[in-house]
Structures are given as structure tokens and as C-alpha cells.
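Q: Each label below should be earned by a value and a cut-off. Can we go through them one by one?

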Amino acid sequence: MTLIAIFLPWLSFLLRLRILKGILCLLLQITLIGWIPAAIWAVVDLQNSRADRRTRRIIRAQRY
């Protein structure tokens, strides 16, 4: 998934069902200058998503 976020940032958003972010990222990626910020944005968002999922799992485990 990280490779997809680097090479096709817009697809990484769409695969995670973040449609609006995917469309905005595609518009940014169309320009060659915008490719690098789009890739960074996608990777950071992917890492944040994984951290949120991990945090939810820890909180759920502590409830029981």
C-alpha cells in the first residue's frame, strides 16, 4: 500500500474510500510539480490511518 501511495497517490485514497481526497490528490498529481506533495500527503495520511487503527485496537483491548 505504501508503494501505491508513492507512485499513485490518488489511488491510495480511493482504495481506502476517501473519495474527495482522492479527487483532490489526482488534480494535484496532474501537474508534475504537484506529484511530490501528493505522494507525501498520501504516505502521511496512510501512516496516520494505520496509527488511528492501532490506537482504536488498543483502546478496545483495554475496555475488557
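**Labels and their grounds**

Q: Why is arginine 18 called partly exposed?
A: Its relative accessibility is 29%. Buried means under 20% relative accessible area, exposed over 50%, and partly exposed in between (1.4 Å probe, protein chains only). Arginine 18 therefore counts as partly exposed.

Q: What kind of model is this, and how are its residues numbered?
A: The model is predicted: local features need pLDDT of at least 70, side-chain atom pairs count only at pLDDT 80 or more, and totals for chains, interfaces and linings use all residues. Numbering runs from 1 along each chain as its sequence is written, and side-chain values use heavy atoms, with hydrogens and water left out.

Q: What makes aspartate 45 buried?
A: Its relative accessible area is 11%. That falls under the 20% limit, so aspartate 45 is buried. It lies in helix α4. Helices here are DSSP runs (H or I, at least four residues), as strands are (E, at least two), numbered from the N terminus.

Q: What does aspartate 45 contact, leaving aside neighbours within four places in sequence?
A: Phe13, Arg16, Arg18 and Lys21. Contact means heavy atoms within 4.5 Å.

Q: How do you know that aspartate 45 and arginine 16 form a salt bridge?
A: The N to O distance is 3.1 Å. A salt bridge needs a side-chain nitrogen of Lys or Arg within 4 Å of a carboxyl oxygen of Asp or Glu. The pair therefore qualifies. It links distant parts of the chain: aspartate 45 sits in α4, arginine 16 in the loop between α2 and α3, 29 residues apart. Both partners are buried.

Q: What makes aspartate 45 and arginine 18 a salt bridge?
A: Their closest N and O atoms are 3.4 Å apart. Arginine 18 is in the loop between α2 and α3 and aspartate 45 in α4, so this pair ties together parts 27 residues apart in sequence.

Q: Why does lysine 21 count as partly exposed?
A: Its relative accessibility is 31%. That value lies between the two cut-offs, so the label holds.

Q: How do you know that lysine 21 pairs with aspartate 45?
A: Their closest N and O atoms are 3.2 Å apart, which makes a salt bridge. Lysine 21 is in α3 and aspartate 45 in α4, 24 residues apart. Salt bridges with shared partners join Arg16, Arg18, Lys21 and Asp45 into one network. The whole structure holds three salt bridges.

Q: How do you know that the length of α3 agrees with its residue count?
A: The expected span is 1.5 Å times one less than the number of residues. For the twelve residues of α3 (19-30), that gives 16 Å; the end C-alpha atoms are 17 Å apart, which agrees.

Q: Which residues of α3 are buried, and how do they lie around the axis?
A: They are Gly22, Cys25 and Gln29. Seen down the axis, they fall within an arc of 65 degrees, so they line one face of the helix. The arc is that of the directions from the helix axis to the C-beta atoms. Their cover includes α1 (2-7), α2 (9-15) and α4 (32-63). The face turned away carries exposed Leu20, Leu27 and Ile30.

Q: Why is glutamine 29 called buried?
A: It has 7% relative accessibility, so it meets the cut-off for buried. Beyond four places in sequence, glutamine 29 contacts Phe7, Leu8, Pro9, Trp10, Gly34, Trp35 and Ala38.

Q: What makes tryptophan 41 partly exposed?
A: Its relative accessible area is 31%, which lies in the middle range. Tryptophan 41 is in helix α4.

Q: Why is leucine 46 called buried?
A: Its relative accessibility is 2%, under the limit, so it counts as buried. Leucine 46 is in α4. Not counting residues up to four places away, leucine 46 touches Met1, Thr2, Ala5 and Arg16.
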